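Work through the four exercises below with the sequence and the model open. Each task is followed by a stepwise solution.

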Amino acid sequence: MLCVPSCEGPVRKAFEVTGVTPAVSASGRLNEIAALEPADGFASAVINAAAFPFTDAMNLCRQLRSRDRSVGPIILLLDHYQLDDLTFREDLFDDFVVGPLDVSELATRLRHRLRRAGNESVAPRIEHGGLSMNLETYQASIAGRIMDLTYMEYELLRFLATNPNRVFTRETLLSRVWGYEYYGGARTVDVHVRRLRAKLGEEHAHLIQTVRSVGYKFGTSPSEYST
Amino acid sequence: MSPMEEQAQYVLRTVEERGVRFVQLWFTDVLGRHKAFHVTPAELEDALDQGMTFDGSAIDGFSRVQESDVLARPDLTTFQLLPWYEEGAGVARVFCDIVNIDASPFEGCPRQQLRRVLGEAHAQGYTFFVAPEIEYFYFEDLAVTSAPVPIDRGSYFDLLPDDTASQLRRRTVLMLEEMGIGVEHAQHEDAPGQQEIDLRYTDALTMADTVMSVRHVVKELARQAGVAASFMPKPLANVQGSGMHTHLSLWRDEHNAFIGDGPYGLSDVATKFIAGLVRHAPEITAVTNQWVNSYKRLVPGAEAPVGASWARHDAAALVRVPSVKPGRIDSTRIEYRSPDPAANPYLAFAVILAAGLRGVTGDYELPAEGERTAPLPQSLAQAVDLMEESTLLHETLGAHQVEWFLRNKRAEWDAYRGQVTPFELERYLPLL
């Protein structure tokens with residue numbers, strides 16, 4: 001996926017969550033973009049219009065639109081004050097996100113645009129510490145080994161892995177993942193974590209860490225935990 | 001997408017991705033026998049969408065006078081690949097709730113019965129956690145012409161050379177773990193060929209499903225190894241039978257509601273719950289011990305309860321209060337020791353919870369430790385009579401199920417009591 005002119009902070013995070021690798025063109029020039037272009041073309045382009053002169057950004061969009069090879073859906077990142085400037089330029093982009101950027105909003109829009117564009121080759125994916133989750137096919141694997149998960153196990157793992165290194169209480173997990181009244185109560189989370197760890201296997205069980213008297217977090221390695 | 005649609009999507013997509021050839025729709029009859037439909041992926045979407053209609057009249061406890069068509073509706077959260085099938089020719093299972101054609105809960109469905117009682121507990125702010133210890137035997141085969149032959153001669157906790165039984169038990173535990181079933185530990189039990197698998201606690205509905213899965217996996221793996229497993233409560237005359245001691249706790253939010261300042265660190269709720277169990281034990285025994293053979297396990301001197309009592313250490317007590325390891329106060333629980341692994345786990349957990357809750361809501365007073373307030377029924381006939389009189393069971397299981405259960409069990413008893421046993425022949429024929 002093409003990213004102009006930089007890919008930092010929340011933008012990089014959103015790419016990580018979506019599971020796509022950005023090709024960053026700092027200059028935004030067509031020859032640089034062509035050099036970065038993979039053999040099967042770009043799946044989408046993210047243009048951060050807040051990071052360089054607005055008219056340049058619009059010109060770039062226009063150039064990308066008139067190119068022989070499509071770059072896929074174009075997503076603009078904007079500051080609020082730039083919204084008015086979009087009038088009469090609606091044809092130049094497919095979607096836009098207004099700063100300050102929210103990682104999950106941007107990731108969701110990326111995913112949505114990719115899916116709408118019918119781009120099967122870029123399945124939304126989460127990769128973390130040997131864990132790979134394909135959000136399109138609902139398949140998870142750990143160190144290349146496919147995991148057989150029930151729906152709730154899958155949902156819990158997806159939620160935790162989408163928010164790495166954040167600590168969640170049992171209550172939060174229950175309301176965010178289960179989202180409805182459930183017989184198990186908060187202890188259900190423990191039961192599911194136990195089952196997920198069993199399925200992750202001994203080597204990778206530590207991906208889900210117990211945070212004493214708080215809850216759980218998803219983390220890459222024990223060393224990260226100590227920093 | 002609604003959560004239901006999302007779940008259906010998950011199931012359909014997984015079936016496609018993993019090359020699943022059959023999906024088994026699992027449910028149980030009133031006696032806890034495992035039933036299944038097998039549907040192909042092509043049929044699956046319809047089955048998930050509309051459920052599977054079937055004639056319930058052929059299934060024990062499902063038959064009703066006016067109507068017999070019922071619907072098996074998959075509980076998609078229980079979808080799980082069965083790990084012993086080959087990759088690419090996969091088989092998955094999903095548990096079903098049985099509903100009427102108009103989608104109302106079918107009163108003959110054990111899973112729905114348990115849901116209802118759990119709902120009542122929930123309304124009082126409680127969630128119910130259970131952890132059973134499941135005992136069973138490995139035999140050379142299940143031919144019924146002679147006494148079954150255990151596949152080993154081990155005893156309690158014996159570490160035997162790596163024989164079939166140990167290998168089988170280990171494979172079973174690994175298989176269960178692969179299915180996400182947490183096993184606390186597994187060991188050789190007291191009698192030759194007898195094994196025990198202790199499961200890690202879950203909520204009672206999940207655990208009832210789990211007990212069904214465990215029985216299935218144990219039998220399947222034994223079959224693959226050329227032997228046979230049985231959960232019959234008392235398969236051999238002179239050794240211990242197989243029980244399903246069940247550890248229980250009530251939770252309120254994130255807190256164990258059994259922890260308190262009472263005897264052995266128990267709360268008021270816990271002591272009343274025990275009192276409820278002790279008082280109602282005789283009447284719920286028909287459900288927790290539902291076969292003629294169950295009562296041959298509940299005899300004196302076999303470390304099985306014969307009366308309604310509670311204690312900390314007595315292995316013959318009905319309710320035991322296990323010691324809690326230092327620093328593990330959250331594991332405060334009680335152990336109900338009469339059930340056997342041939343019970344219907346849904347109904348067993350439902351009546352155990354209902355009995356305990358009665359104690360809590362009715363402010364029952366805990367009898368003295370070790371005091372036997374009533375005998376447990378000594379036979380299926382006695383148990384069924386107590387069931388018939390029980391308001392608790394009528395309210396918990398509903399008139400339909402109690403009535404069917406009584407009829408079925410009295411027929412079983414009648415078939416049994418006309419038998420002339422080897423015991424009688426040996427004892428009386430030469431003498432009388």
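**Exercise 1. Overall form of chain B**

Task: Compare the radius of gyration of chain B with the value for a compact globule.

Solution. Step 1: for 432 residues, a compact globule would have a radius of gyration near 22 Å. The rule is 2.2 Å times the number of residues to the power 0.38, and the radius is taken over C-alpha atoms. Step 2: chain B has 22 Å, which agrees.

Before going on, note the ground rules. Residues are numbered from 1 along each chain as its sequence is written, and chains are lettered from A and ligands numbered from 1 in the order in which they are written. The model is predicted: local features need pLDDT of at least 70, side-chain atom pairs count only at pLDDT 80 or more, and totals for chains, interfaces and linings use all residues.

Step 3: along the principal axes, the C-alpha atoms of chain B fill a box of roughly 65 × 55 × 50 Å. Step 4: 48% of the 432 residues in chain B are buried (20 or more other C-beta atoms within 10 Å of a residue's own, with C-beta atoms placed from the backbone). Step 5: chain B has 11 helices and 18 strands. These are DSSP runs numbered from the N terminus: helices are H or I with at least four residues, strands E with at least two.

**Exercise 2. The side of chain B that touches chain A**

Task: Find which element of chain B gives the most residues to this side.

Solution. Step 1: 28 residues of chain B are in contact with 23 residues of chain A (C-beta atoms, placed from the backbone, within 7 Å). Step 2: elements giving two or more residues include α1 (3–17), α3 (110–123), β7 (127–139) and α5 (204–224) of chain B. Step 3: α1(B) gives the most, with six residues. Step 4: by class, this side of chain B has 10 nonpolar, 11 polar and seven charged residues. Here Ala, Val, Leu, Ile, Met, Phe, Trp, Tyr, Cys and Pro count as nonpolar, Asp, Glu, Lys and Arg as charged, and the others, Gly among them, as polar.

**Exercise 3. A four-stranded sheet in chain A**

Task: Work out why β6 and β9 of chain A each have one side without a neighbour.

Solution. Step 1: the open sheet has the order β6-β7-β8-β9 (chain A), with antiparallel pairing (strands pair if DSSP finds at least two bridges between them). Step 2: β6 (125–128) and β9 (145–147) of chain A stand at the edges with a single partner strand each, so one side of each lacks a neighbour in the sheet.

Step 3: four bridges join β6(A) to β7(A); A:Ile126 has A:Met133 as its bridge partner. In this hairpin, with two residues between the strands, A:Gly129 takes a positive phi near 50°. Step 4: four bridges also join β7(A) to β8(A), and A:Leu131 is partnered by A:Ile142. This hairpin has four residues between its strands, and A:Tyr138 in the turn has a positive phi of about 65°.

Step 5: A:Leu131 and A:Met133 form the covered face of β7(A), A:Ser132 and A:Asn134 the uncovered one.

**Exercise 4. A helix pair in chain A**

Task: Identify the residues by which α5(A) and α6(A) make their contact.

Solution. Step 1: from α5(A) come A:Met152, A:Glu155, A:Leu156 and A:Phe159; from α6(A) come A:Leu173, A:Arg176, A:Val177 and A:Trp178. Step 2: six are nonpolar, none polar and two charged.

Terms used:
Two residues are in contact if their C-beta atoms, placed from the backbone, lie within 7 Å. A residue is buried if 20 or more other C-beta atoms lie within 10 Å of its own, exposed if 12 or fewer, and partly exposed in between; C-beta atoms are placed from the backbone.
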